[in-house]
Structure formats: structure tokens, C-alpha cells
There are 2 protein chains.
Amino acid sequence: MIMDTINIGLLGLGTVGSGLVEILRQPQPRLAARRLKVTRIAVRTVTPERQAQYPDIALTTNSTSIVTDPNIKVVVEAIGGRTAAKELITTALTFGKHVVTANKDLIATDGAELSQIAAAHHVGLYYEAAVMGAIPVLRTLRNAYAGDPISRITGIANGTSNFILTQMIAHGASYDDALSLAQSKGFAEANPANDVDGLDATYKLLILTRFAFGMSPTIDDVSIQGITTLQPQDFVAASIWGYAIKPLAVSELTPDGLCMRVAPHLVPLAHPLAAVRDENNAVLIDSHNVNRLSMVGPGAGALPTANSIVADLLDLADNIHDGNTPERFVDTDTPAVVADAAHRVSPRFVGIRGDDVTREQLAALGISGRVQRGRGRVTVLTGPVTDSAVAQWRQVLTTVPGLELIHILPVL
Amino acid sequence: MIMDTINIGLLGLGTVGSGLVEILRQPQPRLAARRLKVTRIAVRTVTPERQAQYPDIALTTNSTSIVTDPNIKVVVEAIGGRTAAKELITTALTFGKHVVTANKDLIATDGAELSQIAAAHHVGLYYEAAVMGAIPVLRTLRNAYAGDPISRITGIANGTSNFILTQMIAHGASYDDALSLAQSKGFAEANPANDVDGLDATYKLLILTRFAFGMSPTIDDVSIQGITTLQPQDFVAASIWGYAIKPLAVSELTPDGLCMRVAPHLVPLAHPLAAVRDENNAVLIDSHNVNRLSMVGPGAGALPTANSIVADLLDLADNIHDGNTPERFVDTDTPAVVADAAHRVSPRFVGIRGDDVTREQLAALGISGRVQRGRGRVTVLTGPVTDSAVAQWRQVLTTVPGLELIHILPVL
């Protein structure tokens with residue numbers, strides 16, 4: 001059977017876009033058999049030098065001309081951001097083009113709406129690369145868990161945060177030094193807020209939750225805490241009690257509904273996620289049939305991310321060559337039921353500045369457990385406590401003179 | 001769209017077969033949407049009690065009547081063994097039925113032939129459950145690596161061996177005690193030879209090699225070594241040098257061809273596979289784009305294995321409902337090029353009984369490196385050595401009086 005070439009229009013030629021072009025140029029027989037070809041790329045500025053690098057691809061500054069081009073069958077969106085990307089993707093879908101994107105912000109917030117537009121136009125909208133780079137977690141959730149009820153997804157979803165905490169654990173680096181190193185290695189942006197404040201991991205958690213539990217909660221349903229309050233003393237205190245501190249995103253289905261949390265967590269040293277280092281991402285899926293499956297791999301980078309885009313393109317290509325409408329990427333959407341703060345329970349790791357705080361003072365505030373003292377602070381490892389109780393602690397602790405709350409971290 | 005029910009005929013109602021029926025009975029909406037239904041099961045003996053457990057399924061002792069039944073669309077083979085299973089699968093494919101199997105022995109040896117029969121009759125032959133139980137490694141290799149050249153696959157493919165070695169590492173158990181515990185927990189069979197001698201892992205490695213490198217080498221191309229020579233002293237000696245000992249299956253593409261090895265390996269303690277414990281399986285894929293992806297999960301058991309059969313059934317169901325011929329599970333088969341023993345190089349861990357062997361005696365045999373002595377044995381950690389040199393050592397060592405070779409293990 002001779003197959004038609006599938007023309008691809010690429011929006012954006014940054015890290016991921018250029019990685020995609022590089023992969024599609026490699027002479028791989030299984031890839032070549034699908035006859036995928038990038039014919040046009042939208043860039044911000046076209047220079048003769050840049051065009052010369054891509055002799056068989058037409059560069060343009062006109063994105064709209066690509067998403068409406070009748071010769072383009074698949075659009076890959078790699079520009080990022082929300083507003084322009086949403087408009088371009090919507091137009092592409094409306095014009096009957098399949099779309100592949102790595103845009104987690106957009107998919108986390110507007111994914112359900114865009115999926116409906118795709119379904120209405122009988123085209124595919126795939127975004128494996130949006131969550132955890134090279135780890136094929138979305139397709140695995142879709143293919144292997146349709147008959148297996150999932151109870152919890154636990155991930156290291158932000159490579160920047162994991163790199164920074166690894167530096168602080170392994171080398172005793174300060175937060176600022178670890179961040180600088182991450183920036184110099186290209187693992188953190190000049191403005192790292194989205195990564196270190198937990199927003200990036202939250203977007204990924206929302207998408208994972210949709211695939212694992214068939215529900216689309218919103219960002220307000222997630223308890224979000226960044227890594228910026230961590231100090232070397234925290235890692236020392238945690239390790240004395242047998243814990244590492246890892247930047248986790250957790251979505252759990254409890255009898256009271258979904259519990260979703262992005263925060264640096266205390267993780268037992270023997271736990272598989274405690275060993276996931278540097279800029280790696282990881283995901284651990286707990287379920288009824290499989291029990292526990294974990295996957296670890298690079299969460300970012302040009303080729304790892306582009307490789308997941310290629311997996312989406314192969315899936316689309318098989319459907320296009322067969323003349324089928326691609327399956328919906330996620331096919332259930334039941335109303336989200338979210339557990340309230342009174343039902344979200346875990347032990348806590350409480351860090352307080354001021355080492356003359358007594359155990360009795362803490363007990364009077366309702367905070368009790370194992371205590372470490374020294375280096376100008378008191379650290380407490382409590383038993384299971386609700387999020388409501390923690391919120392009260394936060395309020396009360398601001399009213400006690402000479403005492404400053406650093407953070408309250410959950411324990412996995 | 002109203003879809004027709006897909007009738008499934010199941011061959012065998014042992015661990016995996018009954019796990020499959022259990023999963024398909026669970027009320028999962030995404031599964032229910034595919035309308036998969038086991039209508040007939042072939043068992044060795046039908047009793048009224050057994051039939052009563054499956055009121056809506058017809059039990060029979062006549063397997064042939066299932067694989068030729070015009071009302072059956074998909075046959076799931078869960079009887080194991082080679083001869084009868086091959087005949088039944090061949091008949092089913094010839095009668096135009098899709099087949100799902102967990103039969104690694106058969107697929108490892110006759111998979112290429114059966115795939116051709118399937119292709120000739122435009123039906124699917126899927127076997128995700130044959131390799132590493134619940135870990136979706138075959139589908140991941142197929143979906144995510146078509147454009148990513150793989151350099152090496154490293155796996156813990158035999159859960160029995162991993163359980164036994166974990167007991168020996170963690171609790172200093174003897175090999176015999178660890179084996180007895182594995183048997184009492186149902187992780188090892190009464191006759192554990194296939195597991196502990198490396199044959200089971202070899203079958204899985206042959207299938208993984210086909211998916212990773214598009215080549216079908218034979219069992220004679222694999223260097224196979226079991227775990228039965230290991231003793232608690234080995235784990236002590238290895239850990240002093242910073243290594244764990246894990247039962248690995250490795251397939252690597254070198255400039256001289258494929259190197260395939262099943263053996264207990266020394267693995268650096270910080271290596272991700274060193275932390276994979278108990279009866280778990282694991283796979284680590286090294287490649288150009290992704291760099292390194294690892295997956296860990298249960299390698300056996302009723303529900304984990306049956307869950308991978310369900311993943312195959314879902315894939316088939318989507319194709320059947322769309323009226324498509326399912327994609328071939330593995331779509332390339334280039335002639336296998338295998339590196340010869342002179343090109344297979346790694347450091348070695350040599351265990352010799354008799355602690356009066358001198359360093360000079362060893363050097364005269366060509367064996368040099370770091371030496372540990374004590375508890376009636378000498379242990380040497382050598383530099384990189386070829387398999388040909390190791391074969392010579394084995395010969396020479398039998399000729400030295402008062403000296404007994406225990407084993408020579410590769411170092412990862």
C-alpha cells in the first residue's frame with residue numbers, strides 16, 4: 001500500500017520545535033514508513049540564514065496561514081503561552097486539522113473545551129509531551145488503566161524543583177545557590193516563579209487527574225506550596241527522621257473525593273521516589289489490578305519532549321492512513337468531586353524560627369509530635385492532621401510574639 | 001454509535017485466565033464501552049461447581065471448538081506451554097480470530113512465524129502480558145521509540161530471581177532458604193529451574209530485543225547464567241566494593257552487533273535497578289532522544305498480568321469497532337547481527353573456593369584486579385575482559401589443583 005505524505009505545519013521553532021525537526025530528519029525506518037513531513041514552520045522572524053538551515057521547509061511569520069492551509073494535515077503547536085496558542089489551535093481544529101501540542105498551561109485550563117472542538121470536527125488533539133516530557137504517562141493511563149481503578153497518582157512533575165532540591169540534599173547547597181546552578185545549566189528560567197512556586201506542577205497534575213480519574217477539577221481545587229522556603233536545615237532534620245524531601249504532585253481519590261496537592265513532601269528514604277534525582281521526572285500509579293507501576297525519565301529538554309510529540313504524530317498517522325477519526329485522548333469527563341480541607345489528612349513537618357519555643361507552648365497551639373531543636377529553629381514531626389487544622393496553625397502562629405513560621409510540609 | 005459485543009473465547013482458567021474474567025466483571029465505564037465479553041472458556045475438566053461460578057460463560061473441555069467458533073472474535077490463550085498452544089493459536093488465526101496471549105516461551109521462539117500467519121489473515125496477535133507482567137513495555141517500545149534509536153535495554157525480567165536475591169541481600173538468607181520462602185509465597189514453582197537458571201528471563205529478553213532492535217535472534221545467541229551459585233558471601237564482597245547483585249537481562253546494540261546476556265550482574269548501589277526489590281520487574285531503556293526511561297512494576301500475578309491482557313483487548317476492540325485490521329505488534333524484522341564472544345566486554349566478579357590461592361597464581365592465569373580474601377574463598381573484581389577470555393579462565397581454572405571456580409559474574 002502506498003501512503004500519502006502527511007504534511008505537518010509547525011508553530012514555533014524554539015527548543016521543542018527544533019528538536020522535533022531534528023528527530024524527523026533522522027533516518028529511522030519505522031518513522032519513515034509513516035511519511036510524516038514538516039512542510040511549513042511559523043517563526044517570529046524569518047532570516048535568510050535561518051531559512052537556509054531548513055532548505056526543504058518554508059518558514060513564515062504568518063501562523064494563521066499555517067493553521068488554515070488546506071495542504072497541512074497536522075498542526076504541531078510549540079509556541080507556548082495561552083491566548084495566541086488557544087486561538088491558533090481552535091482555528092486549526094475548526095479547519096479539520098489534527099493538533100499536537102506540548103502546552104500544559106493551555107491544556108490544563110482549556111483542555112476540555114478544546115477536546116470538544118476536536119471531537120466536533122472529527123480530528124485528534126494529542127498532548128503527551130505536555131506532561132513529564134519523555135515519560136509516556138498519558139498514553140499509559142489511557143491504554144493500560146481502562147479496566148483498572150486508580151487510587152492515587154504521585155509524581156515528581158517539575159524537573160527544575162527536583163534539580164534544586166537534589167542540589168540542596170546532595171551538596172548542602174543553599175536555595176539561592178541551587179537555583180543559580182539550575183539557571184546556569186538551563187534547567188531553570190531567568191524568572192523561575194512558575195516552577196519553584198508549584199504552578200507548573202499543578203498544571204501537569206490537573207491533566208494527570210483528568211486521565212487517571214476522568215474528572216476535570218480546576219486550579220483552585222489544588223493545595224499548592226512552592227519550594228522557596230526550604231533550607232539546608234530542613235533536609236538535615238528530615239533525614240534524621242528517615243525522610244528525604246521531594247517536590248511532589250499528588251492526586252488521590254478518597255471516599256470524600258479528590259485530594260490534590262503540590263508541595264515539597266517528606267518521603268521515606270526507602271520510597272522509590274526518594275531516589276529520583278536531578279532534573280528527572282517520575283510518576284507512580286497506585287491501582288487495584290497493577291498495584292503499583294512507576295516510570296522515571298527526563299521531564300524536559302528538546303529531544304525528550306519532541307520524542308513524545310513524535311509518539312502523538314505516529315498515533316495520528318496510523319489513524320490518518322487508515323482513514324479513521326483518531327480516538328479521543330481522554331474519553332471520560334465526570335463532574336469533579338473534591339474533598340474539603342477537613343478531609344485532607346497527613347502527618348506534617350513544621351519548621352519554626354526561634355529555638356526558645358517550648359514544647360508546652362507548641363502543645364498549647366495544638367502542635368505536638370517529635371521535636372528537633374537547634375540552629376535557630378524548632379522542627380516538629382506531627383501525627384496525621386487535617387488541612388483545616390494546618391490552616392488554623394498558620395493563623396495562630398502569626399499571633400505569637402518571637403516566633404516565625406517557616407513552613408508546614410506534608411508527609412507522604 | 002451502537003457497537004456490537006466482541007465475544008472472547010478464553011483458553012485456560014488458571015491464575016491469569018481467572019484474573020482476566022475477574023477484571024472484565026468489574027464495573028469500569030471505559031472498559032464497558034468496549035463491549036468485551038468472555039462467552040466461552042476451555043478448561044481441563046468441567047464440574048457443575050465450577051460452571052456455577054461462571055453462570056454467563058460456557059465452560060468446555062474442547063479447546064478446538066473455541067478457536068473455530070464463528071461467534072468468537074478474539075481468542076485469549078492462557079494455557080501456556082508450547083506445542084498445544086501453538087496449534088490452537090495457529091488455528092484461531094487461520095479462522096480469522098484475533099489472538100491475545102501471555103505465552104512468552106512460545107512467542108520468543110515462534111513469534112515471528114505466528115505474526116506472519118496473523119498478518120496473512122488480517123488479524124492481530126498481541127502479547128503485552130508475556131513480558132514483565134503489568135509493565136507496558138512492549139507497547140511503549142512500539143509507540144514511543146519508532147523515531148528514537150535504542151542503544152540498550154536492561155531489565156529485571158524474572159521476579160522469582162529478584163525475590164530470592166533480595167532475601168539474600170536484605171536478610172543474609174542462604175540460597176536454599178530464600179528459594180523455600182519464594183515457593184511458600186507462590187513466587188516460585190515447585191520446579192524453579194526455568195526461573196533460577198535464567199531461561200524465563202531469556203525468553204523475555206528475546207521478545208524485548210525484537211521490539212527494541214527489530215531483530216529476532218535465537219536463544220543460542222544469548223549468554224545465560226543462573227542465580228544458583230550465589231551465596232551470602234557474594235553480596236558482602238560486592239557491597240564492600242559498592243555494588244548490589246541483581247538478576248539482569250541485557251540486550252545492547254554495539255558496533256559489532258547485538259550483545260545479549262542473562263546473568264546476575266554487579267550493579268552500582270546508586271544505580272536505579274539496585275533499588276528494585278522483591279518480586280518486582282523493571283526495565284531501563286537507553287536511547288538517543290529520550291536518553292533514559294525506566295519502568296518498575298509487578299512482573300507476575302493474576303491481576304497485574306491479566307491487566308496487560310486487557311490492554312491488548314482494548315487495542316483490538318478499538319480496531320474491531322472501527323473495522324480496521326489491527327497494526328502488527330512489532331513491524332520490523334531485519335536479520336539479527338550478533339557480536340561474537342571476543343567483542344562482548346565487561347569487568348568481572350570472580351569467586352573462587354580455596355583461600356590459599358595467591359595473587360601471583362591468579363595473575364599467572366591472567367586474572368588480576370582488586371582482591372578480597374576470607375571465609376574460605378577469594379573474590380576478584382577485574383577490569384574489562386572479553387567473554388572469550390572468561391571462557392578460557394573457566395577451562396584453565398579446572399586444571400589447577402585445590403582450586404574451585406564458583407562463578408564469574410559480569411559487572412554492569
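In this predicted model, the largest cavity has a lining of 16 residues, and those nearest its centre are A:R139, A:T140, A:N143, B:T140 and B:N143. The volume of the largest cavity is about 150 Å³. At least two lining residues each come from α7 and α13 of chain A and from α7 of chain B. Under the rule applied here, 5 cavities of 30 Å³ or more are counted.

The second largest pocket, in turn, holds about 1100 Å³ of space. Its lining consists of 48 residues, with A:R142, A:N319, A:P326, A:E327 and B:D318 nearest the centre. In chain A, the elements that give two or more residues to this lining are α6 (104-120), β6 (125-126), α7 (137-144) and α13 (302-322); in chain B they are α2 (29-32), α7 (137-144) and α13 (302-322). The largest share, 7 residues, is supplied by α13(B).

The table sets out the two linings by residue class.

| Space | Nonpolar | Polar | Charged |
|---|---|---|---|
| Largest cavity | 7 residues | 5 residues | 4 residues |
| Second largest pocket | 17 residues | 12 residues | 19 residues |

**Helix contact in chain B**

Helix α13(B), which contributes to the pocket lining, is also in contact with helix α1 (residues 15-25) of chain B. The axes of α1(B) and α13(B) come within 8 Å and cross at roughly 65 degrees. The crossing is right-handed. On the side of α1(B), the residues that meet the other helix are B:T15, B:V16, B:G19, B:L20, B:E22, B:I23 and B:L24. On the side of α13(B), they are B:A302, B:L303, B:T305, B:A306, B:N307, B:I309, B:V310 and B:L313. By class, the contact of α1(B) with α13(B) comprises 10 nonpolar, 4 polar and 1 charged residues.

**Sheets and strands of chain B**

Chain B contains an open sheet of 6 strands in the order β3-β2-β1-β4-β5-β6, and the pairing is parallel. β3 (58-60) and β6 (125-126) of chain B each have a single partner strand, so one side of each lacks a neighbour in the sheet. The partner of β3(B) is strand β2 (residues 36-42) of chain B, to which 3 bridges join it in the parallel sense. In this pair, B:R40 stands opposite B:A58 of β3(B).

Another pairing in chain B is antiparallel: strand β14 (residues 369-374) and strand β15 (residues 377-386) are joined by 6 bridges. B:V371 stands opposite B:V380 in β15(B). The two strands form a hairpin with 2 residues between them, and B:R375 in the turn has a positive phi of about 50 degrees.

**The antiparallel sheet of chain A**

In chain A, 4 strands make up an open sheet with antiparallel pairing, in the order β14-β15-β13-β16. Its edge strands, β14 (369-374) and β16 (404-410), each pair on one side only. Direction ignored, neighbouring strands of the sheet are turned by 20 degrees against each other on average. β14(A) runs antiparallel to strand β15 (residues 377-386) of chain A, with 6 bridges between them. One of the bridge partnerships links A:R373 with A:V378 in β15(A). Helix α15 (residues 387-397) of chain A packs on this sheet and touches β13 (345-353), β15 and β16 of chain A. The direction of α15(A) makes about 150 degrees with that of β15(A).

Terms used. Residues numbered from 1 in each chain as written. Chains lettered and ligands numbered in written order. Predicted model: local features only at pLDDT ≥ 70, side-chain atom pairs only at ≥ 80, totals over all residues. Heavy atoms only, no water. 1 Å grid on protein atoms, 1.4 Å probe; cavity = no way out; pocket = protein on both sides within 12 Å on 5 of 7 lines; lining within 4 Å. Points joined across faces, edges and corners; volume = space filled by probe spheres on them. Nonpolar A, V, L, I, M, F, W, Y, C, P; charged D, E, K, R; others polar. Pairing = 2+ DSSP bridges. Axes fitted to C-alpha atoms, helices over the stretch in contact; angles between N-to-C directions. Contact = heavy atoms within 4.5 Å. Left-handed = near helix turned anticlockwise from the far one by under 90°.
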